[in-house]
Amino acid sequence: MQYLVSVIDDRADPGSSDRRPAISEFNERLISGGYWVFAGGLADPDAATVIDNRGEHPVFTDGPFVESKEYLAGVWVWEAPDLDVALTLAAEASRICDRKLEVRPFQ
């Protein structure tokens, strides 16, 4: 089963900034273990554009969909045999990237 692992950063209490080497090493272990599907970091929420085309004309709004001190900073997509394995990996990833994570299975 595949899982979306969302990396959550917090403007008021950001995680450590220099975690890239440890995250790269963790990603290599995910790849060698067969868990890796995809990952990527995201630009700051101020770089976001929200598009709503449910009316007659599309409406484009600069900035994030929701104003919040917490925001989505990046994602992983993992392939794991079950939720327990995904949660075990996520606990390690949270420590390594020094951020909160949310794990959600794809439908």
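I took buried to mean under 20% relative accessible area, exposed over 50%, and partly exposed in between. The model I worked on is a predicted one.

**Entry 1: Asp98**

I began with Asp98 and that scale. Its relative accessibility is 34%, so I entered Asp98 as partly exposed. I located Asp98 in the loop that joins α2 and β6. I then looked up the backbone and found phi of Asp98 near 60°, a positive value although the residue is not glycine. For context, most residues other than glycine have a negative phi.

**Entry 2: the sheet**

Next I went through the strands. I found an open sheet of four strands, ordered β2-β5-β1-β6, with antiparallel pairing. Which strands stand at the edges? They are β2 (36-41) and β6 (100-105); each has a single partner strand, so one side of each lacks a neighbour in the sheet. I also noted the twist: on average, neighbouring strands of this sheet are turned by 20° against each other, direction ignored.

I looked at one pair in detail. Strand β5 covers residues 70-79 and pairs with β2 over five bridges, in the antiparallel sense. In this pair I noted Ala39, which stands opposite Trp76 of β5.

**Entry 3: the helices on the sheet**

I checked where each helix lies. Helix α1, residues 20-33, lies across β2 and β5, and I recorded an angle of about 30° between α1 and β5. Helix α2, residues 83-97, packs on the sheet and touches β1 (2-10), β5 and β6. For α2 and β6 I recorded about 160° between their directions.

**Entry 4: two strand residues**

I picked Ser6 from strand β1. Is Ser6 buried or exposed? The relative accessibility is 8%, so Ser6 counts as buried. Setting aside neighbours within four places in sequence, I listed the contacts of Ser6 as Leu72, Gly74, Lys100, Leu101 and Glu102.

From strand β5 I took Val77. Val77 is also buried, because a relative accessible area of 11% falls under the 20% cut-off. Not counting residues up to four places away in sequence, Val77 touches Gln2, Tyr3, Leu4, Tyr35, Trp36, Val37, Phe38 and Phe106. I looked up one of these contacts further: Gln2 is 75 residues from Val77 along the chain, yet their C-alpha atoms are separated by 6.7 Å.

**Entry 5: the largest pocket**

I turned to the pockets. The largest pocket holds about 500 Å³ of space. I found 18 residues in its lining, and those nearest its centre are Val7, Arg20, Ile23, Gly41 and Ala73. Which elements give two or more residues to this lining? I noted β1, α1, β2 and β5. By residue class, the lining of the largest pocket has seven nonpolar, seven polar and four charged residues.

**Entry 6: the second largest pocket**

For the second largest pocket I recorded a volume of about 300 Å³. It is lined by 15 residues, and Pro45, Pro64, Phe65, Tyr71 and Leu72 are the closest to its centre. Of these, Leu72 was already in my notes as a contact of Ser6. I divided the lining of the second largest pocket into nine nonpolar, one polar and five charged residues.

Terms used
Residues numbered from 1 in each chain as written. Predicted model: local features only at pLDDT ≥ 70, side-chain atom pairs only at ≥ 80, totals over all residues. Heavy atoms only, no water. Pairing = 2+ DSSP bridges. Axes fitted to C-alpha atoms, helices over the stretch in contact; angles between N-to-C directions. Contact = heavy atoms within 4.5 Å. Buried < 20%, exposed > 50% of the residue type's maximum accessible area, 1.4 Å probe, protein only. 1 Å grid on protein atoms, 1.4 Å probe; cavity = no way out; pocket = protein on both sides within 12 Å on 5 of 7 lines; lining within 4 Å. Points joined across faces, edges and corners; volume = space filled by probe spheres on them. Nonpolar A, V, L, I, M, F, W, Y, C, P; charged D, E, K, R; others polar.
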